[in-house]
Amino acid sequence: MDKMIPKLSQAAMNYRECILELPEDAFLKPINGWSPRDITAHLIGWNRHTITGCRQIRMGNLPSYFSDAPNDYKNINDESVALYFSQDRDLLLAELETSYHSMEKFVQFMDPDDWTKDFGVRYGEHRITISNTIEALIQDYDEHCQEIRTWSNNLT
């Protein structure tokens, strides 16, 4: 837990910087079907879904978003892109920051033993914990940041 919160914070900060480094008109241009705007909306949604999912894990329940796993979370992601519909980079980044801080506060005040505790939640053969749920979100931030940076470098 002590290392995970700073790692999560760093991933969120890196993503924000990545978006701010983009030329403003690039925020709305598609990368493999999604624009950086869409990716930002997707991450806002996942910050919120992660809070709910961690609460469900602590109750011994599989996070509800796993119902969309067979679709590669397409429905949940599309919902976030539609819900956080602003085209304004600064507004979306502010919403990303708000959703991130809500999640960060949630995990900071969680019982440290809950991070790796086995609440009996499984998806297929995988044990689902709060720790590996947060790790998945960190990985999502990092992968999208790298994808955007690679794409942005090819714009010039």
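## The nonpolar core

Welcome to this predicted model. Its largest nonpolar core has 47 residues, and the members that touch the most others are Tyr15, Trp115, Ile130, Ile134, Tyr141 and Ile148. Five helices take part: H1, H2, H3 (residues 74–83), H4 and H5 each supply at least two residues of this core.

Tyr15 is a good place to start looking. Leaving out residues up to four places away in sequence, Tyr15 touches Pro36, Ile39, Thr40, Leu43, Leu96, Tyr141, His144, Cys145 and Ile148. Tyr141 and Ile148, in that list, also stand among the core members that touch the most others.

## Helix H1

Tyr15 is one of the buried residues of H1, together with Met4, Ile5, Leu8, Ala11, Ala12, Cys18 and Ile19. These residues cover an arc of only 155° around the axis, which puts them on the same side of H1. A general point helps here: an α-helix has 3.6 residues a turn, so residues three or four places apart point the same way.

The cover over the buried residues of H1 includes H2, H4 and H5. H1 itself has 18 residues, and from its first C-alpha to its last it reaches 26 Å, close to the 26 Å expected at 1.5 Å a residue.

## Helix H4

Now turn to H4, which runs over residues 89–108 and so has 20 residues. From first C-alpha to last, H4 reaches 28 Å, close to the 28 Å expected at 1.5 Å a residue. Its buried residues are Arg89, Leu92, Leu93, Leu96, Ser99, Tyr100, Met103, Glu104, Phe106 and Val107. They cover an arc of only 155° around the axis, which puts them on the same side of H4.

What lies over that buried side? Among the elements covering the buried residues of H4 are H1 (4–21), H2 (36–58) and H5 (130–153). On the face turned away from the buried side, H4 carries the exposed residues Asp90, Leu91 and Lys105. At the N-terminal end of H4, Asp88 acts as a cap, with a side-chain oxygen 3.0 Å from the backbone nitrogen of Asp90.

## The loop between H1 and H2

Two residues are worth finding in this loop. Phe27 lies between H1 and H2, and Phe27 is buried, with a relative accessible area of 1%. Apart from its neighbours within four places in sequence, Phe27 is in contact with Ile19, Leu22, Ser35, Pro36, Arg37, Thr40, Gln87, Asp88, Arg89 and Leu92. Among these contacts is Asp88, the residue that caps H4. As a distance to try in the viewer, the C-alpha atoms of Phe27 and Ile76 are separated by 21 Å, and the two residues are 49 residues apart along the chain.

Ser35 lies in the loop between H1 and H2 as well. Is Ser35 buried or exposed? Ser35 is buried, with a relative accessible area of 5%. Not counting residues up to four places away in sequence, Ser35 touches Phe27, Leu28, Lys29 and Pro30.

## Cysteines without disulfides

How many disulfides does the structure hold? The count is zero. For Cys18, the closest cysteine sulfur is in Cys145, and the 3.7 Å between the two sulfurs is too far for a bond, because a disulfide needs the sulfur atoms within 2.5 Å.

Cys18 counts as buried, at 2% relative accessibility. Cys54 also counts as buried, at 0% relative accessibility.

Key
Residues numbered from 1 in each chain as written. Predicted model: local features only at pLDDT ≥ 70, side-chain atom pairs only at ≥ 80, totals over all residues. Heavy atoms only, no water. Helix = DSSP H or I, 4+ residues; strand = E, 2+ residues; numbered from the N terminus. Expected span 1.5 Å × (residues − 1). Buried < 20%, exposed > 50% of the residue type's maximum accessible area, 1.4 Å probe, protein only. Arc of directions from axis to C-beta. Contact = heavy atoms within 4.5 Å. Polar contact = N/O pair within 3.5 Å; in protein donor to acceptor, adjacent residues only side chain to side chain. Core = buried A, V, L, I, M, F, W, Y, C linked by side-chain atoms within 4.5 Å.
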